[in-house]
Amino acid sequence: MRNTKAFKEAVAQTLAELARRGVTLTPATVEDTIERNVQAVANQLRIQVRSAWRYFDASALADSLAQSVREFEDGTDEEVGQAPLPPQGNPELALILAGVPDALAQTGGDLYAVIINVAVNAWMAGHIHGEDGCQGCDGSRGPSGHDWEARMRTLTQMQPDITKWFDRDVWTSALNSTGFTVTRH
């Protein structure tokens, strides 16, 4: 389906309609949505996929996608059960950032594995830092909670030059020294 002229035109039209609405989505997201929708129409009407294209409306799909984006953005204000990310300057976040170039070298450039590692560790660091604000954790920790100050002292001793990892140029230089770079194509 994706190699057809109809599919490519549908993606281009939908992306243009989304741009008119001020919404930016990746082409892959739009492609997946169109493929699911056209296939669903074909299955529901018991017709061939090529016949289902006559029911495709780029404007209507763009309206639906824009509405979903707005609802998502409006609904993200609620932070119940979500620990905040640690503040910039947090020693644990510095260690996480410092580990990215090494992790990239160790995984042979597997950016997905590195991002997952960073996301999980940053979430945990934020969770520990902001545990009292995490309503989803109420009652799940012991009476003493975490000794956050002791944790930060330990981490500071492990990585004495914490502030350097918050300097974009230092981090980029360390990344480049591994032989990898992040570029946009």
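Helices are runs of at least four residues assigned by DSSP and numbered from the N terminus. In the predicted model described here, the protein chain has eight helices and zero strands. Read from the N terminus, the order of elements is therefore α-α-α-α-α-α-α-α. Of the 185 residues in the protein chain, 26% count as buried.

Helix 2 spans residues 27-45, and Leu 45 belongs to it. With a relative accessibility of 44%, Leu 45 is classed as partly exposed, because this class covers values between 20% and 50%. Leu 45 also contributes to a nonpolar patch on the surface, in which it is joined by Ile 47 and Tyr 55. Together, the three residues of this patch have about 280 Å² of accessible area. Arg 46 is found in the loop between helix 2 and helix 3. Its relative accessible area of 77% places Arg 46 among the exposed residues, since the limit for that class is 50%. The backbone of Arg 46 is also notable for its phi angle, which is near 55°, a positive value in a residue other than glycine. For comparison, most residues other than glycine have a negative phi.

Aromatic contacts were examined next. The count comes to two aromatic pairs. One of them is formed by Phe 7 and Trp 53, with 6.2 Å from centre to centre and 75° between the planes, an edge-to-face arrangement. This pair links distant parts of the chain, as Phe 7 lies in helix 1 (residues 5-20) and Trp 53 in the loop between helix 3 (49-52) and helix 4 (58-75), 46 residues apart. Trp 53 also pairs with Phe 56: the ring centres are 5.8 Å apart and the planes stand at 70°, so this pair too is edge-to-face. In both cases the assignment follows because planes over 60 degrees apart count as edge-to-face. Through these ring pairs, Phe 7, Trp 53 and Phe 56 are linked into a cluster. Phe 7 and Trp 53 are both buried. For Trp 53, the relative accessibility is 14%, and the residue is therefore classed as buried, the limit being 20%.

Charged side chains form a further set of contacts, and the count comes to seven salt bridges. Arg 2 takes part in a salt bridge with Glu 31, at 3.2 Å from N to O. The two partners come from distant parts of the chain: Glu 31 is in helix 2, whereas Arg 2 is in the segment before helix 1, 29 residues apart. The side chain of Arg 2 also meets that of Asp 32 in a salt bridge, with an N to O distance of 2.4 Å. Because Arg 2 lies in the segment before helix 1 and Asp 32 in helix 2, this second pair ties together parts that are 30 residues apart in sequence. Arg 2 is partly exposed, with a relative accessible area of 27%. Glu 31 is likewise partly exposed, at 24% relative accessibility, and Asp 32 counts as partly exposed at 34%.

Within helix 1, the side chains of Glu 17 and Arg 20 meet in a salt bridge at 2.7 Å from N to O. Being three residues apart in this helix, Glu 17 and Arg 20 are separated by about one helical turn. The two partners fall into opposite classes of accessibility: Glu 17 counts as buried at 19%, whereas Arg 20 counts as exposed at 62%. Elsewhere, salt bridges with shared partners join Arg 2, Glu 31, Asp 32 and Glu 35 into one network.

The empty space in the model was also considered. Rolling a probe the size of a water molecule over the atoms shows where such space is left. The largest pocket holds about 170 Å³ of space. Its lining consists of Leu 97, Val 100, Leu 104, Leu 111, Val 114, Ile 115, Val 118, Trp 171, Leu 175 and Val 182. At least two residues of the lining are supplied by each of helix 5 (91-106), helix 6 (111-129) and helix 8 (168-177). Helix 6 gives the most to the lining of this pocket, with four residues.

Notes:
Residues numbered from 1 in each chain as written. Predicted model: local features only at pLDDT ≥ 70, side-chain atom pairs only at ≥ 80, totals over all residues. Heavy atoms only, no water. Phe/Tyr/Trp six-rings, centres within 6.5 Å; stacked < 30°, edge-to-face > 60°. Buried < 20%, exposed > 50% of the residue type's maximum accessible area, 1.4 Å probe, protein only. Patch = residues over 30% accessible without salt bridge, like charges linked within 9 Å, V, L, I, M, F, W, Y side chains within 5 Å. Areas by Shrake-Rupley, 256 points an atom, 1.4 Å probe, with all protein chains shown as cover. Salt bridge = Lys/Arg side-chain N within 4 Å of Asp/Glu carboxyl O. 1 Å grid on protein atoms, 1.4 Å probe; cavity = no way out; pocket = protein on both sides within 12 Å on 5 of 7 lines; lining within 4 Å. Points joined across faces, edges and corners; volume = space filled by probe spheres on them.
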